[in-house]
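Me: I have a model open and would like to talk through its packing and side-chain pairs. Can we go step by step?

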Amino acid sequence: MKISNLHRFVQIAATATVAFGLASIATAQDNDKLVVNGEIEMVTRTAAPSYIDGIDEIISGWNFRTDETQALQMDDFDNSGMLGVDAAQEAWDTVQGPEQKSCATCHGNVSSMVGVRTVMPKYNEEAADLWTLEDYINNCRTERQNVEPWGYTSGPMTNMSALISVQSRGMPMNVAIDGPAAPFWEAGKELYYTRTGVLELSCASCHEQSAGLRIRADHLSQGQINGFPTYRLKNAKLNGIHARFKGCVRDTKAETYKPGGPEFHALELYVASRGNGLSVEGPSVRN
């Protein structure tokens, strides 16, 4: 399907059933407020960063979901992603490896991770490379605890990412794109706009040019990642950022990149920067 055909398909899907289509678009345009547990108020829409072309306002994926799905994220008791957070809390306190260390041994209470999620990914001066939250987690495991690293998209890794993200809920995303991070950001931007696969689609095809419309049964959002890790109702588990990237590339009928690889690292930085100013929501709930 050519890119022009995709737009025609999306437009038709959005208007074929008028009442359904209008209700869907209204969900993205509503003024609902995301307040978790009645006390943590999230910024889910704000002015787009000046370096992002093509959109004036950035909108969290929460605004594109139905009222029922939105409600699941508003109470931790209803948010199934919190089960992963609970599992990670146990892992945080568990002593393991020949060094007999836990995460808490070095970092104390997990509340010490406040603000960490807001700046990820970021350039690591010592490694001279762009590191994601998952990289930092595995570095602690291999260098401090002397245990095996977790798989990049494994359940324990995603759970720990969620636990650390929870500490920053409500704080604005603020990833750096200048200095040594700039080349990675440029590489990620190129990937975001490059059409790939049999369908000749880019990230921007759906999440910039068609955001707010419907394609088949899915309501296209801006593809913001401030809510990751996210509990997807579709597969009933927590999903990390690179796992979702892999799924999106696969859906374009293209050969995907490896989670944890340099391509997805660069793409994560660029996409995260598109959401600077939105609140950290993880673990969020999405379709």
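Me: Which residues form one aromatic cluster?
Reply: The cluster is made up of Y51, W185, Y192, Y193 and Y270. Please keep in mind throughout that this is a predicted model.

Me: And how many aromatic pairs does the structure hold?
Reply: There are nine aromatic pairs in the structure, and one of them is formed by W131 and Y136, with 4.9 Å from centre to centre and 70 degrees between the planes, which is an edge-to-face arrangement.

Me: Is W131 buried or exposed?
Reply: W131 is buried, its relative accessible area being 16%, whereas its partner Y136 has 22% relative accessibility and counts as partly exposed.

Me: Back to the cluster for a second. Which residues of α8 and α11 make the contact between those helices?
Reply: On the α8 side they are F184, W185, A187, G188, K189, L191, Y192 and Y193, and on the α11 side E263, A266, L267, L269, Y270, V271, S273 and R274. Of these, W185, Y192, Y193 and Y270 also belong to the aromatic cluster.

Me: At what angle do the axes of α8 and α11 cross?
Reply: The axes of α8, which covers residues 182-193, and α11, which covers residues 262-274, cross at roughly 90 degrees and come within 7 Å. Angles from 65 to 115 degrees count as roughly perpendicular, so α8 and α11 are described in that way.

Me: How do the residues of that α8 and α11 contact divide by class?
Reply: They divide into 11 nonpolar, two polar and three charged residues.

Me: Next pair of helices. How far apart are the axes of α4 and α7, and what is the angle?
Reply: Helix α4 (residues 81-93) packs against helix α7 (residues 155-166) with the axes 8 Å apart and an angle of about 95 degrees, and that makes α4 roughly perpendicular to α7.

Me: Which residues make that contact?
Reply: From α4 the contact takes in M82, G84, V85, A87, A88, Q89, A91 and W92, while α7 contributes N159, M160, A162, L163 and V166. By class, the contact of α4 with α7 has 10 nonpolar and three polar residues, with no charged ones.

Me: Changing topic to charges: how many salt bridges does a search of the whole structure find?
Reply: The search finds five salt bridges. Among them is the one between R45 and E57, whose side chains meet at 3.2 Å, N to O.

Me: Where do R45 and E57 lie?
Reply: R45 lies in strand β3 (residues 45-47) and E57 in strand β4 (residues 57-59), so the salt bridge ties together parts that are 12 residues apart in sequence. As for exposure, E57 is partly exposed, at a relative accessible area of 33%.

Me: Is E281 buried or exposed, given its salt bridge with R286?
Reply: E281 is buried, with a relative accessible area of 1%, and R286 is buried too, at 11%; their side chains meet at 3.1 Å, N to O.

Me: What about D251, which residue does it form a salt bridge with?
Reply: D251 forms one with R250, where the closest N and O atoms are 3.5 Å apart, and D251 counts as partly exposed at 39% relative accessibility.

Me: Last one, zooming out: how many helices and strands does the protein chain have?
Reply: The protein chain has 11 helices and 11 strands, and buried residues make up 48% of its 287 residues. Among contacts between residues at least 6 apart in sequence, 70% join residues at least 24 apart.

Conventions
Residues are numbered from 1 along each chain as its sequence is written. This is a predicted model: local features need pLDDT of at least 70, side-chain atom pairs count only at pLDDT 80 or more; totals for chains, interfaces and linings use all residues. Side-chain values use heavy atoms; hydrogens and water are left out. A salt bridge is a side-chain nitrogen of Lys or Arg within 4 Å of a carboxyl oxygen of Asp or Glu. Helices (H or I, at least four residues) and strands (E, at least two) are DSSP runs, numbered from the N terminus. Buried means under 20% relative accessible area, exposed over 50%, partly exposed in between (1.4 Å probe, protein chains only). Axes are lines fitted to C-alpha atoms, for helices over the stretch in contact, and angles run from 0 to 180 degrees between N-to-C directions. Angles under 35 degrees count as roughly parallel, over 145 as roughly antiparallel, 65 to 115 as roughly perpendicular and the rest as oblique. Contact means heavy atoms within 4.5 Å. Ala, Val, Leu, Ile, Met, Phe, Trp, Tyr, Cys and Pro count as nonpolar, Asp, Glu, Lys and Arg as charged, and the others, Gly among them, as polar. Rings of Phe, Tyr and Trp (its six-membered ring) pair if their centres lie within 6.5 Å; planes under 30 degrees apart count as stacked, over 60 as edge-to-face and the rest as tilted.
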